[in-house]
Amino acid sequence: MEQLTEILASGDYAAFVGLFTGLTRYLFPLLALLILVRCARSLLAFQTEPELWAYLVSEQARLPVTHWENTIGSAGSCDIQLPDEQAARLHGVLTRYDDGSWTIAPVGSAQIQCNQQPVDRMEELHDGDLLTMGQTDLLFELLTPVEQQAARMQRTRAGRDVSPGLTLLLLTVFQVFTAMQLMMVKESAAALPIAVSFAALCGMMWGLFVLMRLIRRHAFEVETIAFFLSTIGLAVIASDDPSDLSKQVIAIAMGLVVFLFLGWALRDLNRARAVRYLAAAAGVALLAFNLLFGKEINGAKNWIYIGPFSFQPSELVKICFILAGASTMDRLVARRNLWLFIAYTGVCCGCLALMNDFGTALIFFTAFVVIALLRSGSFATIALVCAGTGLAGGLAVSFRPYALRRFASWRHVWDDALDGGYQQTRALMCLASGGLFGLGVGNGWLKYVAASDTDLVFAFVAEEWGLLVAVMMMLFVVLLAAFAARAASVSRSSFYAISACAAMSMLLVGAIFNVFGTVDYLPLTGVTFPFVSNGGSSMISAWGLLAFVKGADTRRGASFAIRDPARHRKGAAA
């Protein structure tokens, strides 16, 4: 304190900047850790309580119905297991729809009777109907309004134990100190763009928080993580090229619009089911347009330029891919849908391979594996598809050997440090020079290396912010993935479960490729770090994928993708 007083009294601005930088080097990791811990406590400590919709009552037990799509059979993997040797391992599927109606459908050659009448393909189910499967009679009982209210009030309320407002306040302090640090070390001409950009980001953050409170939503952890990563990304751009700040702020605003629109759309799963073919066609059309009119940059033909604007269609196709792959509510166990999706994935990955965008192709394939496994549960089918993909990849390399040039320096970057390994060797040196606490925001050198704010952004953050903040940046993404996996286990619909896991796999694998590509554990494929890397298309895509993760949150008063039962009694998700 005495030192600060002396510096202020002397008017030595350079000394003040040095002192401020020294203090914030230790303050930033502390604030990041507090935000991470608070988000983790809220997202991982809640009890995964399944929602209760109805009961199937037999002579032996009263079996709860806890999903919108429920498999029924003698297998232990079924949602509702029947202790009946005469029942098939997978006997039927019980399905709830947005309007509150229910259907029952047999699987394969299994036979089901409803009120002693055989069910051919699908039969509407009403309260009090009697189902017969094997030798078991099951009475279908819907919850009364009183039971629905009691079950709802017993569920964990979002934001009950960890106040999201206080977490957001910590993030605001983080943003303010980041902006101040950047304004001190950058040229005076950059001060205004930096101040305006961070003020806009903070305004969007608190505006979204107030909006959520107005619609009675009390969870904000998922959004807080996205805004924290976006803050880091904005600081990276301000340190590298402040002239790009306005574009990134606009991209964040557009991403928020997509986030809110998808959240609204997911409130009615019939909408998602209706647009799945349109989404699939739009994805293929975007990739085809990219193949025809795309511009090749750094060996990958994945950019479209329209006047002064540019975008990557493959980033937007990610959202289409999730919509097309996860919309399986009406045919939970239909094999035909799976094979159509395999063909669709082949087209998407084939187009990306023709563009030499192998990193994005691998991300799409990872999401496909997640979707296919959750939809079919067949490891044999997935293994067959993976083997076929490996064969196709080998053939692609044999016919297009120049594609290997992108991976020629992998694991040998120091052998060619002035050419093929130039970027990664400089990134590794800058990462090491930053130490645990960094050189200070805006004080790094990696900004002078090409793609430092995109492909090498992990090293950029490690140099200026320190390894602690860089690692926590990755832990935030891992936290989102862990939450998506926990939420999927009690998700009301297979759509929410599959879309959340698939979307999160895209975000997580993208982050892994970016980080491990930077440090040469994986080839440097040009994959961006979600919310952090400079790029409007990537930012919009990341916010869109985040909407699927938000939609899977079934905590009471959490997701805006779930209707408020107090306002929408009829056909609402209680």
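**Notes on a predicted model**

1. Helix 15 (residues 457–464) packs against helix 16 (residues 467–489), with their axes 6 Å apart and an angle of about 140 degrees between them. That angle makes helix 15 oblique to helix 16. The cut-off matters here: an angle has to be over 145 degrees to count as roughly antiparallel. Please keep in mind that this is a predicted model.

2. Which residues make this contact? Helix 15 supplies F458, V461 and A462. Helix 16 supplies L467, V469, A470, V471 and M473. The character of the contact is plain: 8 residues are nonpolar, none is polar and none is charged.

3. Next, helix 18. This helix covers residues 536–551, which is 16 residues. From its first C-alpha to its last it reaches 23 Å. That is close to the 22 Å expected at 1.5 Å a residue. Helix 18 is also mostly covered, with 15 of its 16 residues buried.

4. Is G92 buried or exposed? G92 belongs to strand 5 (residues 92–96). Its relative accessibility is 0%, so G92 counts as buried; the cut-off for buried is under 20%.

5. What surrounds G92? Setting aside residues up to four places away in sequence, G92 touches N70, T71 and I72. It also touches A105, P106, V107 and I112. G73 is worth a look as well. G73 and G92 are 19 residues apart along the chain, and their C-alpha atoms are separated by 6.8 Å.

6. T345 sits in helix 11 (residues 335–354). T345 counts as buried because its relative accessibility is 4%. Which residues does T345 contact, leaving aside neighbours within four places in sequence? The contacts are F321 and F368.

7. Now two cysteines. C430 has a relative accessibility of 5%, so C430 counts as buried. C501 has a relative accessible area of 19% and is buried too. The limit for buried is under 20%, which C501 meets at 19%.

8. How many disulfides does the model contain? The count comes to 0 disulfides. The rule asks for a pair of cysteine sulfur atoms within 2.5 Å.

Terms used
Residues are numbered from 1 along each chain as its sequence is written. This is a predicted model: local features need pLDDT of at least 70, side-chain atom pairs count only at pLDDT 80 or more; totals for chains, interfaces and linings use all residues. Side-chain values use heavy atoms; hydrogens and water are left out. Buried means under 20% relative accessible area, exposed over 50%, partly exposed in between (1.4 Å probe, protein chains only). Axes are lines fitted to C-alpha atoms, for helices over the stretch in contact, and angles run from 0 to 180 degrees between N-to-C directions. Helices (H or I, at least four residues) and strands (E, at least two) are DSSP runs, numbered from the N terminus. Angles under 35 degrees count as roughly parallel, over 145 as roughly antiparallel, 65 to 115 as roughly perpendicular and the rest as oblique. Contact means heavy atoms within 4.5 Å. Ala, Val, Leu, Ile, Met, Phe, Trp, Tyr, Cys and Pro count as nonpolar, Asp, Glu, Lys and Arg as charged, and the others, Gly among them, as polar. The expected span of a helix is 1.5 Å times one less than its number of residues.
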